[in-house]
Amino acid sequence: GVGLGYVPPLVCGYSWLPNYKGIVSGVIVAGFGGGAVIFDQVATSFVNPGNVEVRPEDDDKGKYDDDLWNGYIDCSAHPHVCHRVPPMYIVLGVCYAALTLV
């Protein structure tokens, strides 16, 4: 899926700068990676500003066994985090739209 996002910028970059295909490829791939680093921090600060631990410290009853634990936050224990996920997509969409228009 994400590979589809690489092709159009590469084709445009190669047509604009045919003698610098390596530099064009590097800048585009770095842009994709840099965007992931930046927007990961934006999403985390919006959804989980208090840095709630994903896995509880008191795991003495075996509630979160390693074979069953999937890495998700327990929404019954942390509803304030889970309820911020849908609005996060709106925030990220606005950010992406603003960057597209710039």
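**View 1. Helix H2 gives the largest share of the lining of the largest pocket, five residues.** This is a predicted model, and here we zoom in on its largest pocket. Helix H2 covers residues 21-47, and helix H4 covers 85-101; each of them supplies at least two residues of the lining. How much space lies in this pocket? It comes to about 240 Å³.

**View 2. Meet the residues that line the largest pocket.** Going up in residue number, you'll find Gly31, Phe32, Gly35, Ala36 and Phe39, then Tyr96, Leu99 and Thr100. Now sort that lining by class: how many residues are nonpolar, polar or charged? Five are nonpolar and three are polar, while no charged residue takes part. If you're wondering how empty space gets found at all, picture rolling a probe the size of a water molecule over the atoms, which shows where space is left.

**View 3. Step back to the helices, and the protein reads α-α-α-α along its sequence.** That's four helices and zero strands. What about contacts between residues that sit at least 6 apart in sequence? Of these, 49% join residues at least 24 apart.

**View 4. Last stop: the surface of the protein, about 7,700 Å² of it accessible.** Carbon and sulfur atoms hold 66% of that accessible surface. And what share of the 102 residues counts as buried? The figure is 17%, with buried meaning under 20% relative accessible area.

Methods:
Residues are numbered from 1 along each chain as its sequence is written. This is a predicted model: local features need pLDDT of at least 70, side-chain atom pairs count only at pLDDT 80 or more; totals for chains, interfaces and linings use all residues. Side-chain values use heavy atoms; hydrogens and water are left out. On a 1 Å grid over the protein atoms alone, a cavity is a set of points where a 1.4 Å probe fits but cannot get out, and a pocket is an open set with protein on both sides within 12 Å along at least five of seven lines; lining residues have an atom within 4 Å of a point. Grid points are joined across faces, edges and corners, and a volume is the space filled by probe spheres set on the points. Ala, Val, Leu, Ile, Met, Phe, Trp, Tyr, Cys and Pro count as nonpolar, Asp, Glu, Lys and Arg as charged, and the others, Gly among them, as polar. Buried means under 20% relative accessible area, exposed over 50%, partly exposed in between (1.4 Å probe, protein chains only). Contact means heavy atoms within 4.5 Å. Accessible areas come from the Shrake-Rupley method with a 1.4 Å probe; for residues, only the protein chains shown count as cover.
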